[in-house]
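Here are a few worked exercises to go through with the model open beside you. Try each task yourself before reading its solution.

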Amino acid sequence: MCQTLAKNRLNFAINSERTMAKSYFNRYVWLLDTIMQHGHITQTDLSDLWQRSALNKEGIALPPRTFHNHREAILDMFGIDIKFDKTLGYYIANEDMNANGVRNWLMTSLSVNNLLKESSTLKDRIILEDIPSGQEYLKKIINAMKEEKMLEMEYQKFKDSQKFRVIIAPYCVKLFKQRWYVVGKPSDAKKPRVYALDRIQGLLQTRRDFKLPETFDAQEYFAGWFGIVHDDINYKPETIHLKVWDRQRHYLKTLPLHFSQKEIEEHEEWSIFEYFMAPTWDLEQEILQYNDCVEVLEPKSLRNAIEEHISNMKDVYDGKYNE
């Protein structure tokens with residue numbers, strides 16, 4: 001009887017501790033998201049907003065001492081520094097919060113998660129995109145990156161019927177169009193290659209160590225490329241000019257095709273955007289999806305490639321491939 005009672009008390013204490021930890025975590029995310037949305041905000045305004053938040057079940061205020069304890073916990077947990085300006089109030093001090101980095105992506109994901117919790121009554125009216133299989137390998141890959149251990153991978157390309165095994169040193173991971181990819185250097189190759197996680201058939205962490213080259217920079221590795229293609233044997237980054245008509249150019253202004261995008265001409269009905277990246281097959285496919293809203297001006301090789309695609313598409317619809 002005593003043992004059962006003690007066990008129940010222990011389980012109650014553990015569950016209470018987990019609930020409390022989850023509650024505090026949600027508070028941290030809410031606090032960061034609220035400050036980011038306002039840019040600068042006073043502690044009084046934060047407290048008022050917290051009282052009205054759906055995450056605040058008790059409807060209590062956010063006392064200064066609690067707020068400052070949260071600041072310290074956020075710095076320790078996320079590496080994000082909340083600083084104070086006497087004139088404007090509290091703000092996020094990290095310069096990379098607006099960059100295309102892990103910290104910003106993490107905060108965006110957590111903020112959306114909290115928003116969905118606050119809007120649980122609308123769950124049937126909020127539709128999200130599915131991410132294909134492969135995510136189960138992400139944790140293993142990141143752990144191997146952290147411990148600098150090589151991975152043994154069973155892999156099958158879409159175009160091949162046979163699987164193959166390869167041992168790679170995982171350099172970095174990248175998310176592109178709802179698919180995760182890992183950049184890894186095979187043990188028998190001189191350069192790293194890109195592998196899609198949804199094409200991995202099996203993955204094991206080995207005991208073999210690897211050392212990430214000091215010259216490797218993940219952002220720089222993809223800087224001159226669209227998406228996840230990195231083929232410096234067949235392609236080289238170069239200046240690309242696209243003429244984009246009205247109904248599409250506004251989309252590109254709000255969601256650039258590539259970080260190098262610059263609008264070099266603007267007219268009433270169209271604009272010209274300049275890029276510096278390699279004219280790969282993936283880029284061709286991206287341009288083709290814009291149909292008659294985008295025209296390649298240069299380079300000539302990319303323009304010719306798009307024209308060839310258009311000609312082939314016309315042949316398909318003319319039934320020439322069925323003859």
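**Exercise 1.** Find out which residues leucine 257 is in contact with, leaving aside its neighbours within four places in sequence, and then place leucine 257 in its nonpolar core.

*Solution.* Start with the contact rule: heavy atoms within 4.5 Å. With neighbours within four places in sequence left out, leucine 257 is in contact with Phe226, Leu242, Leu252, Tyr275, Met277, Leu283, Glu286 and Tyr290.

Next, the core. A nonpolar core is a set of buried Ala, Val, Leu, Ile, Met, Phe, Trp, Tyr and Cys residues joined through side-chain atoms within 4.5 Å. Buried means under 20% relative accessible area, exposed means over 50%, and partly exposed is in between (1.4 Å probe, protein chains only). The largest such core has 47 residues, and Leu242 and Leu257 are the ones with the most contacts inside it. Strand S4 (residues 164–176) supplies the largest share of this core, six residues. Apart from it there is another core, of 18 residues, including Ile41, Trp50, Leu62 and Ile82. As background, nonpolar side chains tend to be buried together in soluble globular proteins.

Before going on, some ground rules: this is a predicted model, where local features need pLDDT of at least 70, side-chain atom pairs count only at pLDDT 80 or more, and totals for chains, interfaces and linings use all residues. Residues are numbered from 1 along each chain as its sequence is written, and side-chain values use heavy atoms, with hydrogens and water left out.

**Exercise 2.** Work out how far the predictor's confidence carries across the protein.

*Solution.* pLDDT is the predictor's confidence in each residue, from 0 to 100. Its mean over the protein is 83, and 80% of the residues reach 70 or more. Now look at residues 5–21: there the pLDDT is below 50, and the stretch has zero contacts in the model beyond near neighbours in sequence.

**Exercise 3.** Take apart the salt bridges of helix H7, then say how buried each partner is.

*Solution.* First the rule: a salt bridge is a side-chain nitrogen of Lys or Arg within 4 Å of a carboxyl oxygen of Asp or Glu. By that rule there are 15 salt bridges. For helices, the count takes DSSP runs of H or I with at least four residues, while strands are runs of E with at least two, numbered from the N terminus.

Arginine 249 and aspartate 246 meet in a salt bridge, 3.1 Å from N to O. Both sit in helix H7 (residues 246–254), three residues apart, about one turn of the helix. Arginine 249 is buried because its relative accessible area is 4%, whereas aspartate 246, at 33%, is partly exposed.

Then there's glutamate 263 with lysine 253, whose closest N and O atoms are 3.6 Å apart. This pair links distant parts of the chain: glutamate 263 is in strand S9 (residues 262–266) and lysine 253 in helix H7, ten residues apart. Glutamate 263 has 32% relative accessibility, so it counts as partly exposed; lysine 253, at 35%, is partly exposed as well.

Salt bridges that share partners also join Arg179, Asp198 and Arg199 into one network. Within it, arginine 199 and aspartate 198 have their closest N and O atoms 3.7 Å apart. Arginine 199 counts as buried at 19% relative accessibility, and aspartate 198 is buried at 16%.

**Exercise 4.** Is phenylalanine 210 buried or exposed, and what does it touch?

*Solution.* Locate it in the loop between strand S7 (200–209) and helix H6 (218–222). Phenylalanine 210 counts as buried because its relative accessibility is 10%. Not counting residues up to four places away in sequence, phenylalanine 210 touches Ala144, Glu148, Lys149, Met150, Ala169, Pro170 and Tyr171.

**Exercise 5.** Do the same for lysine 140 in helix H5 (residues 138–147).

*Solution.* At 41% relative accessibility, lysine 140 is partly exposed. Leaving out residues up to four places away in sequence, lysine 140 touches Leu151, Leu203 and Gln205. Take leucine 203: it is 63 residues from lysine 140 in sequence, yet the C-alpha atoms are 8.0 Å apart.

**Exercise 6.** Sum up the whole protein: how many helices and strands does it have, and what share of its residues is buried?

*Solution.* The protein has nine helices and eleven strands. Buried residues make up 35% of its 323 residues. Among contacts between residues at least 6 apart in sequence, 57% join residues at least 24 apart.
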